[in-house]
Amino acid sequence: MLFRRDKKLWKRGEELFVQLAKELQIASAKLADAIIIWSNHEKDPEARSKIMHLKDEIVKAERRCDDIKEELIDTIFSKGAYLPQATEDRHRLVRHMDNIVNKTEVVIRRLVAREDFPQRIPHEMPILAEKVHQCTDFLQDALKYVDADHEKARKYAGKVDSTREEARDLDFHIFGRINSPDYDAKDAYYCYKISVSLIVVAEAAEQTSDYIQVMTVKYGQ
């Protein structure tokens with residue numbers, strides 16, 4: 001039996017897919033900005049209000065992602081916009097992407113959960129946040145080429161993996177730093193949770209890039 005793709009629905013699906021990738025990147029960029037401000041909060045009396053604003057923006061991005069995901073699943077995938085096998089792959093990819101944004105929201109909510117910021121924050125924290133942001137940057141490039149150019153998609157997916165490794169090394173370094181007499185137990189635990197939460201975002205990006213590589217092998221050469 002021939003499968004007839006609804007071109008209008010397919011076009012809308014592609015638009016939503018691009019929007020989802022953009023929202024993911026917006027949330028990631030704002031998180032990196034928040035970590036930079038947090039790390040230098042002693043020099044900025046408005047640091048907390050700025051971070052709270054970024055938190056609100058990330059939460060809004062996460063809500064927009066939920067709306068996009070819902071439309072994709074309920075309106076696009078369920079009505080034959082893609083071939084059956086491609087529908088399953090896109091569905092999984094969308095859930096992977098949505099998970100990254102969810103994990104990003106967790107980081108910013110944990111960041112603002114404490115009223116008083118610690119006086120000492122590892123100077124590697126902004127570097128770690130930037131590595132996480134780079135993971136989502138490379139992921140967005142991989143997503144862009146997932147159908148058009150499988151070789152490029154794999155290349156950028158591989159960069160996500162290598163950048164996640166660099167982020168993990170930084171996380172271990174931060175862990176060693178905060179377990180020193182320079183940090184009291186409360187500050188050490190707080191910084192540890194933020195660092196680990198950032199790594200979880202990078203790992204979610206890596207899981208998505210791994211799935212992209214599976215898709216390129218399945219559909220490409």
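Which residues does Asp89 touch, not counting residues up to four places away in sequence? In this predicted model, the answer is Tyr211, Met215, Lys218 and Tyr219. Asp89 itself sits in helix 3, which covers residues 84–113. Its relative accessibility is 1%, and since buried means under 20%, Asp89 counts as buried.

Let us look at that contact from the other side. Lys218 belongs to helix 6. With neighbours within four places in sequence left aside, Lys218 is in contact with Gln85 and Asp89. Is Lys218 buried or exposed? Neither label fits: its relative accessibility is 40%, so Lys218 counts as partly exposed. The acidic residue of this contact is thus described as buried, while its lysine partner is described as partly exposed.

Stay on helix 3 for a moment and move along to Asn99, which is also placed in that helix. Asn99 has a relative accessible area of 25%, and it is therefore partly exposed. If you select its C-alpha atom together with that of Val201, you will find them 8.6 Å apart in space, although the two residues are 102 residues apart in sequence.

Now turn to the way the helices pack, beginning with helix 1 (residues 7–39) and helix 4 (residues 125–144). Their axes come within 9 Å and cross at roughly 170 degrees. Because an angle over 145 degrees counts as roughly antiparallel, helix 1 and helix 4 are roughly antiparallel to each other. On the helix 1 side, the residues making the contact include Phe17, Ala21, Leu24, Ala32, Ile35 and Trp38. On the helix 4 side, Met125, Pro126, Val132, His133, Leu139 and Leu143 are among them. Sorted by class, this contact of helix 1 with helix 4 has 14 nonpolar, six polar and three charged residues.

Helix 1 has another partner in helix 6. What is the angle at which helix 1 and helix 6 pack? The value is about 160 degrees, and the axes are 13 Å apart. That angle makes helix 1 roughly antiparallel to helix 6. The crossing of helix 1 with helix 6 is left-handed. Here the contact consists of Leu31, Ile35 and Trp38 from helix 1, together with Tyr190, Cys191, Ile194 and Leu198 from helix 6. By class, the residues of this contact are seven nonpolar, with no polar and no charged ones. Notice that Ile35 and Trp38 appear in the contact of helix 1 with helix 4 and again in the contact of helix 1 with helix 6.

Helix 6 (residues 185–219) also packs with helix 5 (residues 150–178). The axes of helix 5 and helix 6 come within 9 Å and cross at roughly 160 degrees, so these helices are roughly antiparallel to each other. Their crossing is left-handed. The contact of helix 5 with helix 6 has 17 nonpolar, six polar and eight charged residues by class.

Aromatic rings add another layer to the picture. A pair of aromatic rings is described by the distance of the centres and the angle of the planes. How many aromatic pairs are there? The count comes to four. One of them joins Trp38 and Tyr190 in an edge-to-face arrangement, with 5.7 Å centre to centre and 90 degrees between the planes. Trp38 lies in helix 1 and Tyr190 in helix 6, so this pair ties together parts that are 152 residues apart in sequence. Trp38 is buried, and Tyr190 is buried as well.

Another pair, Tyr145 with Tyr156, is stacked: the centres are 6.1 Å apart, and there are 5 degrees between the planes. Because Tyr145 lies in the loop between helix 4 and helix 5 and Tyr156 in helix 5, the pair ties together parts that are 11 residues apart in sequence. Both Tyr145 and Tyr156 are buried.

Tyr145 leads us to a last stop at Ala153, which lies in helix 5. Ala153 has a relative accessible area of 0%, and so it is buried. Which residues surround it? Not counting residues up to four places away in sequence, Ala153 touches Ala142, Tyr145, Val146, Ile212 and Thr216. For a view across the model, compare Ala153 with Gly80: they are 73 residues apart along the chain, and their C-alpha atoms are separated by 25 Å.

Methods
Residues numbered from 1 in each chain as written. Predicted model: local features only at pLDDT ≥ 70, side-chain atom pairs only at ≥ 80, totals over all residues. Heavy atoms only, no water. Axes fitted to C-alpha atoms, helices over the stretch in contact; angles between N-to-C directions. Helix = DSSP H or I, 4+ residues; strand = E, 2+ residues; numbered from the N terminus. Parallel < 35°, antiparallel > 145°, perpendicular 65-115°, else oblique. Contact = heavy atoms within 4.5 Å. Nonpolar A, V, L, I, M, F, W, Y, C, P; charged D, E, K, R; others polar. Left-handed = near helix turned anticlockwise from the far one by under 90°. Phe/Tyr/Trp six-rings, centres within 6.5 Å; stacked < 30°, edge-to-face > 60°. Buried < 20%, exposed > 50% of the residue type's maximum accessible area, 1.4 Å probe, protein only.
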